[in-house]
Amino acid sequence: MPECYEVKRIADYLIGNGLVNQRLGSIRFMNSGNRILSGIEEVSLSNKLINSQLQSIQVKAKYTGFTFSSGTVIMHYRFTGIPHLRNIDYGNALHSIYSLPITTKKEEHCRFVWQFDNHQLEFYDTRCLSKLYFYQNYQFEETPQYQSLAPDLRQGQFLSYTEFKDDTRRLSMNIKTWLLDQTRSPSGIGNYLACEILFLAKLNPFIKVDHISHRQYNRLIQSF
């Protein structure tokens, strides 16, 4: 699934190809795509977004915020979702994410289409597991998802060892579970990144987080 860095590259692809500042002319869901909607119906979403201008595309951890003049759409791509701009491919930017429909798109996996002034954004999800939320008149930073997330990997905010020990003193979880906890810094880590980080740090993923020594913690931080 796309994790922090991949989600940022997806956003860069959309921004780099000029999607920001375009007006959204229509929304169309198909192939059970309305299953990804959370807390809002298709007709209501269309009424609130159509004719709005896309003002920014921002990322925090694994979440993407599409901020329109009428509010913010939050997308969580989860395991198999990814947006495409029609006739503009990703090149090699996401070649490491084998589970995503990047080069082998099938029409039955297209869940919705956003038609902008000069671009058609098509959202593909092979298993329809993604989630879409809408917050009217909210900026991305004001949404519950943004507020609940710790600073992500790109911000490089790591606890000191003393802070780490204070934070984990009463936790019974193992170190891998701690890495996957999106409410603890750094957020944006999924299963494959957690495995890579622990391998580089030479740490057993099942070691209890409150048993991590100062030396082990230093190795962990150096492996990000």
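## Strand E4 and its partners

Buried means a relative accessible area under 20%. By that cut-off, strand E4 is mostly covered. The strand spans residues 71-76, and 6 of its 6 residues are buried. This is a predicted model.

E4 has two strands to look at here. Strand E3, residues 63-68, pairs with E4 in the antiparallel sense over 6 bridges. E3 and E4 form a hairpin, with 2 residues between them. Phe 68 stands opposite Gly 71 in E4. Strand E8, residues 131-136, also runs antiparallel to E4, and 6 bridges join E8 and E4. Within this pairing, Thr 72 stands opposite Tyr 135 in E8.

## Glu 122, a buried acid

Glu 122 is found in strand E7, which covers residues 120-125. Is Glu 122 buried or exposed? The relative accessible area of Glu 122 is 4%, so the residue is buried.

The side chain of Glu 122 has polar partners. A polar contact of 2.6 Å joins the side chains of Glu 122 and Arg 86. Another polar contact, of 3.1 Å, links the side chain of Glu 122 to the side chain of Tyr 124. Beyond its neighbours within four places in sequence, Glu 122 is in contact with Ile 82, Pro 83, His 84, Arg 86, Cys 110, Phe 112 and Val 113. Two residues on that list, Cys 110 and Phe 112, come up again below.

## Aromatic pairs

How many aromatic pairs does a search of the whole structure find? The search finds 16. One of them joins Tyr 13 and Tyr 90. Their ring centres are 3.8 Å apart and their planes lie at 25°, so the pair is stacked. The two tyrosines come from distant parts of the chain, 77 residues apart. Tyr 13 belongs to helix H1, residues 4-16. Tyr 90 sits in the loop between strand E5 (81-85) and strand E6 (110-116). Both Tyr 13 and Tyr 90 are buried.

Phe 112 and Phe 123 make another stacked pair, because their ring centres are 5.0 Å apart and their planes are at 5°. Phe 112 is in strand E6 and Phe 123 is in strand E7, 11 residues apart. Phe 112 counts as buried, at 1% relative accessibility. Phe 123 is also buried, at 1%.

## A cluster, and charges over rings

Which residues form one aromatic cluster? The members are Phe 29, Phe 66, Phe 68, Tyr 77, Phe 112, Trp 114, Phe 116 and Phe 123. Phe 68, the residue opposite Gly 71 in E4, is thus part of this cluster.

Some rings have a charge over them. Lys 60 lies over the face of Tyr 146, at 4.0 Å from the ring centre. The charged end of Arg 127 sits over the ring of Phe 79, 6.0 Å from its centre.

## Backbone exceptions

Most residues other than glycine have a negative phi, and most peptide bonds are trans. Some places in this chain depart from that pattern. Asn 21 is not a glycine, yet it has a positive phi of about 80°. Asn 21 lies in the loop between H1 and strand E1 (24-29). With a relative accessible area of 52%, Asn 21 is exposed.

Asn 51 also has a positive phi, of about 75°. This asparagine lies in the loop between helix H2 (42-49) and strand E2 (54-60). Asn 51 counts as exposed, at 55% relative accessibility. The peptide bond between Ser 185 and Pro 186 is cis, with omega about 0°. Pro 186 lies in the loop between helix H5 (175-180) and helix H6 (191-201).

## Cysteines without a bond

How many disulfides does the structure hold? It holds 0. Why is there no bond between Cys 110 and Cys 128? The sulfur of Cys 110 has its closest cysteine sulfur in Cys 128, 11 Å away, which is too far for a bond. A disulfide needs the sulfur atoms within 2.5 Å. Seen from the other side, the closest cysteine sulfur to Cys 128 is that of Cys 110.

Cys 110 is buried, at 4% relative accessibility. Cys 128 is buried as well, with a relative accessible area of 5%. Cys 110 is also one of the residues in contact with Glu 122.

Key. Residues are numbered from 1 along each chain as its sequence is written. This is a predicted model: local features need pLDDT of at least 70, side-chain atom pairs count only at pLDDT 80 or more; totals for chains, interfaces and linings use all residues. Side-chain values use heavy atoms; hydrogens and water are left out. Helices (H or I, at least four residues) and strands (E, at least two) are DSSP runs, numbered from the N terminus. Buried means under 20% relative accessible area, exposed over 50%, partly exposed in between (1.4 Å probe, protein chains only). A polar contact is a pair of N or O atoms within 3.5 Å; within protein, one must be able to donate a hydrogen and the other to accept it, and residues adjacent in sequence count only if both atoms are side-chain atoms. Contact means heavy atoms within 4.5 Å. Two strands pair if DSSP finds at least two bridges between them. Rings of Phe, Tyr and Trp (its six-membered ring) pair if their centres lie within 6.5 Å; planes under 30 degrees apart count as stacked, over 60 as edge-to-face and the rest as tilted. A charge sits over a ring if NZ of Lys or CZ of Arg is within 6 Å of the ring centre and within 35 degrees of the ring normal.
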